[in-house]
Amino acid sequence: MLTTAVTLDDVMRAREAIGGRLHRTPVFSSATLSERTGADVALKAELFQRTGSFKPRGVLTNLAALSDDERRAGVVGISAGNHAAALAYGAGQAGIDCLVVMWQGASQAKIAATRGYGAEVDLAAAGPADAFDRLHEVIAETGRTLVHPFDGPRTMAGQGTVGLELVEDVPDVAIVVVPIGGGGLIGGVSTAVRGLRPDARVIGVEPEISTAMHAAVAAGEPVPVEPRSVADGLNAPFAGTSCLAAVREHVEEVVLVTENEIRDAFRFLYQRAKLACEPAGAAATAALLAGKVPFDPGERVVAIVSGGNVEARIASDILAGR
């Protein structure tokens with residue numbers, strides 16, 4: 001039987017470990033989104049976090065727990081981009097040597113950002129599944145400590161601080177809508193939200209062609225998938241075991257959105273909410289606009305806009321309707 005890897009107390013301790021080193025990201029109301037959906041909708045803007053996504057929350061929680069020997073040996077991560085940049089940033093701030101395993105075809109902008117924060121990037125892998133094999137090789141060769149992008153108790157606890165802020169800023173929230181890649185964000189957020197407001201509902205959102213968590217819930221365990229969504233930040237090749245446990249305990253439903261629904265939401269957030277997010281950051285809004293989140297009229301809903309790191313070419317193509 002799966003058990004949840006983190007508790008509300010763990011999330012509270014993560015906030016103490018992070019301290020004042022990250023932004024408390026704002027929550028914006030959206031009259032247009034509320035009118036379009038019939039709910040009272042607000043947007044938790046994690047695209048304004050340091051490095052442009054929620055990922056530094058989990059990274060700093062992990063780095064704060066390293067021993068002196070682990071700090072000297074350095075850290076390693078694996079990521080399509082947002083965790084890579086966050087780990088590079090956090091390690092650079094702490095004076096820890098950092099290597100990130102990425103893969104051929106990953107966002108060039110995110111690779112450049114990771115290098116810009118001072119990390120070494122390994123691009124030996126052909127794709128996401130191969131990259132995890134490469135990761136294990138690197139750990140064996142170097143002895144570095146892994147800071148997992150989603151499947152780890154400290155990662156989940158750190159990401160859960162998004163949920164703490166959200167409930168404090170919107171105390172009457174009834175529904176929280178969260179995008180899912182490997183599941184670290186929804187695992188932590190659902191733990192925090194349900195711990196503070198047991199009557200609140202948490203809904204997860206995945207692309208129809210990137211269904212790591214949906215497949216894991218159906219199978220009862222993580223299973224490999226072949227993700228290929230425009231929302232590259234949600235293209236995890238499998239869901240985390242700990243993340244799945246949290247989803248099964250705290251999340252009401254995981255809904256799926258199409259690529260066109262993600263693109264429509266991306267345009268909506270850019271044009272109407274003035275939020276220059278990435279496609280992954282638009283997934284929760286996509287589920288609301290597509291009518292895939294059940295709610296009573298006027299219920300207080302918060303959608304998490306998880307990040308804002310997108311290549312200019314992709315953004316311009318979506319905005320142009322291509």
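In this predicted model, P279 touches V230, A231, I262, F266, V310, I314 and I318, when residues up to four places away in sequence are not counted. P279 lies in the loop between α13 and α14, and P279 is buried, with a relative accessible area of 1%. One of the residues it touches is V310; P279 and V310 are 31 residues apart in sequence, while their C-alpha atoms are 7.5 Å apart in space.

Two further residues in the list of P279, F266 and I318, also take part in a contact between helices, in which R263, F266, R267, Y270 and Q271 of α13 meet A315, I318 and L319 of α15. By class, this contact of α13 with α15 has 5 nonpolar, 1 polar and 2 charged residues. Helix α13 covers residues 259-271 and helix α15 covers residues 312-319, and the two pack at an angle of about 95°, with their axes 9 Å apart. Because an angle of 65 to 115 degrees counts as roughly perpendicular, α13 is roughly perpendicular to α15.

A second pair of helices is formed by α1 and α10, which pack at an angle of about 110°, with their axes 9 Å apart, and these two are therefore also described as roughly perpendicular to each other. The crossing in which α1 passes α10 is left-handed. On the side of α1 the contact is made by L8, V11 and M12, and on the side of α10 by G188, T191, A192, G195 and L196. The residues of this contact of α1 with α10 divide into 5 nonpolar, 3 polar and no charged.

Which residues of α1 are buried? In this helix, residues 8-18, they are V11, A14 and I18. They cover an arc of only 55° around the axis, which puts them on the same side of α1. In an α-helix there are 3.6 residues a turn, so residues three or four places apart point the same way. The buried residues of α1 pack against α3 (56-64), α8 (153-159), α9 (161-169) and α10 (184-196). Just after α1, G19 takes a positive phi of about 65°.

Positive phi values also occur at two residues that are not glycines, T51 and K274. As a general background, most residues other than glycine have a negative phi. The table sets out both residues with their places and their relative accessible areas.

| Residue | Phi | Place | Relative accessible area |
|---|---|---|---|
| T51 | about 70° | loop between β2 (40-45) and α3 | 12%, buried |
| K274 | about 60° | loop between α13 and α14 (283-289) | 63%, exposed |

K274 is thus placed in the loop between α13 and α14, where P279 also lies, although K274 is exposed whereas P279 is buried.

Where is I78 placed? I78 belongs to strand β3, residues 75-78, and is buried, with a relative accessible area of 2%. Leaving aside neighbours within four places in sequence, I78 is in contact with H83, V100, V101, W103, A131, F132, L135 and P149. H214 lies 136 residues from I78 along the chain, and the C-alpha atoms of I78 and H214 are separated by 22 Å.

Methods. Residues are numbered from 1 along each chain as its sequence is written. This is a predicted model: local features need pLDDT of at least 70, side-chain atom pairs count only at pLDDT 80 or more; totals for chains, interfaces and linings use all residues. Side-chain values use heavy atoms; hydrogens and water are left out. Buried means under 20% relative accessible area, exposed over 50%, partly exposed in between (1.4 Å probe, protein chains only). Helices (H or I, at least four residues) and strands (E, at least two) are DSSP runs, numbered from the N terminus. The arc is that of the directions from the helix axis to the C-beta atoms. Contact means heavy atoms within 4.5 Å. Axes are lines fitted to C-alpha atoms, for helices over the stretch in contact, and angles run from 0 to 180 degrees between N-to-C directions. Angles under 35 degrees count as roughly parallel, over 145 as roughly antiparallel, 65 to 115 as roughly perpendicular and the rest as oblique. A crossing is left-handed if the near helix is turned anticlockwise from the far one by less than a right angle, and right-handed if clockwise. Ala, Val, Leu, Ile, Met, Phe, Trp, Tyr, Cys and Pro count as nonpolar, Asp, Glu, Lys and Arg as charged, and the others, Gly among them, as polar.
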